[in-house]
Amino acid sequence: MLVSPIRVAVVVFEDISLFHVSVPGLVLGGDRSQCGLPPHEVRYCASESGRVRCAGGIEIDVPDGLAAMGDADLVIVPSWNEPETPAPPGLTDALRDAHARGAQVVGLCLGAFVLGDAGLLDGRRATTHWGWRELFARRFPRADFRADVLYEDDGGIVTSAGTVAAIDCCLNLVRQRHGADVANRIARLLVTPPHRQGGQAQFVEQPVPALPSEHRLPGVLEWARGRLGEPLSLDRMAEAACMSRRTFTRRFREATGTTVARWLVTERLARAQQLLETTALPVEHIATDVGFGSALSLRQHFAAHIGTSPSAYRRAFCEARGTASASPPR
């Protein structure tokens with residue numbers, strides 16, 4: 001059966017960052033069937049179609065005007081080039097119309113300012129690059145601004161922090177729509193970490209090194225990921241890192257931007273999502289396998305962090321993929 005592609009409109013403007021305009025296409029565009037991602041049609045649009053000069057002087061052809069938003073399922077505004085200046089009314093009107101008819105609207109990095117100019121952030125949680133947080137808070141006092149997170153999703157309106165957080169945000173869009181397993185496969189294809197939780201701090205003092213030989217911490221994180229079903233206390237992880245509890249706590253926070261407890265919950269939830277998507281294991285079995293101990297605990301964490309139940313999550317992905325559910329026990 002022929003599946004209609006998911007339509008994505010990416011907004012382009014003068015002096016746009018080539019990195020930011022390319023991120024949605026890198027994650028969602030091209031043939032990602034080997035990763036399990038359904039077809040996406042990524043279109044680029046501007047206030048006026050034609051040649052657009054990007055930051056650095058490179059010019060690109062933009063084939064569509066803002067009418068391309070009219071049937072888009074997902075509208076993405078990359079990092080805006082003039083956060084002090086309100087976005088043009090034609091663009092903000094088109095964004096409001098897209099949201100009103102049900103499209104998900106995303107502002108990457110300073111693209112959040114454009115969503116704010118459209119009034120889409122009033123009363124909603126939102127974030128942007130930490131370097132512009134004071135300006136953002138002044139310009140959009142009605143937004144519930146979260147200064148120290150990687151991305152926020154509130155009612156179909158999504159905003160992200162700067163630069164690499166745009167990739168995290170787009171991978172999370174895949175995770176929401178198509179599951180953790182698909183998002184992880186795309187992340188591996190892009191050679192990027194498969195999951196950074198939205199609530200992680202934007203600025204970390206000492207990012208986790210790429211090579212375990214550079215620091216003990218990466219090896220301990222992989223060690224813990226292989227033992228999620230076991231009791232993993234702070235003391236046990238500190239011992240595995242050959243550090244004191246105090247030193248390990250400090251270095252873990254510096255390197256990951258979060259606490260050990262929050263990191264473990266995130267990793268366990270990600271593993272549970274993957275098992276729910278790819279196996280027919282009972283929820284009770286999965287809860288034990290990932291270290292939550294009981295189905296009740298897993299359900300509570302799912303409700304708090306994902307907004308649904310494990311069984312509903314599994315059904316949603318079975319239906320989305322058109323696969324028959326084995327109706328595993330609750």
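**Getting to know this structure**

Tutor: A salt bridge joins the side chains of Glu222 and Arg225, at 2.4 Å from N to O. The term stands for a side-chain nitrogen of Lys or Arg within 4 Å of a carboxyl oxygen of Asp or Glu. This is a predicted model, where local features need pLDDT of at least 70 and side-chain atom pairs count only at pLDDT 80 or more, while totals for chains, interfaces and linings use all residues. Residues are numbered from 1 along each chain as its sequence is written, and side-chain values use heavy atoms, without hydrogens and water.

Student: Which helix holds both Glu222 and Arg225?

Tutor: Helices (H or I, at least four residues) and strands (E, at least two) are DSSP runs, numbered from the N terminus. Glu222 and Arg225 are 3 residues apart, about one turn of the helix. The helix that holds both is α7, residues 216–225.

Student: Is Glu222 buried or exposed?

Tutor: Buried means under 20% relative accessible area, exposed over 50%, and partly exposed in between (1.4 Å probe, protein chains only). Its partner Arg225, at 33%, is partly exposed. Glu222 has a relative accessible area of 51%, so it counts as exposed.

Student: How many salt bridges does the structure hold?

Tutor: Side chains of opposite charge can pair when their charged atoms come close. Besides Glu222 with Arg225, one of the pairs is Arg43 with Asp64, at 3.2 Å from N to O. The number of salt bridges in the structure is 20.

Student: How many residues apart are Arg43 and Asp64?

Tutor: This pair links distant parts of the chain. Arg43 belongs to strand β2 (residues 40–45), whereas Asp64 is in the loop between β4 (59–62) and β5. Arg43 is partly exposed at 25%, while Asp64 is buried at 19%. The two are apart by 21 residues.

Student: What separates Glu254 and Arg250 in helix α9?

Tutor: These two form a salt bridge, with their closest N and O atoms 3.8 Å apart. Glu254 is buried, with a relative accessible area of 17%, whereas Arg250 is partly exposed at 41%. Because they are 4 residues apart in α9, what separates them is about one helical turn.

Student: Which residues do salt bridges that share partners join into one network?

Tutor: Two of the members have come up already, as Arg43 and Asp64 meet in a salt bridge. Shared partners join the whole network, which consists of Arg7, Glu41, Arg43, Asp64, Asp71 and Asp73.

Student: Why do the buried residues of α12 lie on the same side?

Tutor: The buried residues of helix α12 (residues 295–305) are Ala295, Ser297, Leu298 and Phe302. The arc is that of the directions from the helix axis to the C-beta atoms. Leu296, Gln300 and Ala304 are exposed on the other side of α12. The buried residues share a side because their arc around the axis is only 160°.

Student: What phi does Gly307 take?

Tutor: Gly307 comes just after α12. Its phi is positive, about 80°.

Student: Where is Cys109, which has a positive phi although it is not a glycine?

Tutor: Most residues other than glycine have a negative phi, and most peptide bonds are trans. Cys109 has a phi of about 55°, and it is buried at 4%. The place of Cys109 is the loop between β6 (104–107) and α3 (111–117).

Student: Is Cys242 buried or exposed?

Tutor: Cys242 also has a positive phi, near 60°. This residue is found in the loop between α8 (234–240) and α9 (245–256). Its relative accessible area is 58%, so Cys242 is exposed.

Student: How far apart in space are Trp80 and His20?

Tutor: Trp80 is in the loop between β5 and α2, and at 8% it counts as buried. In sequence, Trp80 and His20 are 60 residues apart. In space, C-alpha to C-alpha, they are apart by 9.5 Å.

Student: What separation do the C-alpha atoms of Arg139 and Pro83 have?

Tutor: Arg139 is in helix α4 (residues 133–139) and is partly exposed at 23%. Along the chain, Arg139 and Pro83 are 56 residues apart. The separation of their C-alpha atoms is 9.4 Å.

Student: Is Glu82 buried, exposed or partly exposed?

Tutor: Glu82 is in the loop between β5 (74–77) and α2 (89–100). With a relative accessibility of 39%, Glu82 is partly exposed.
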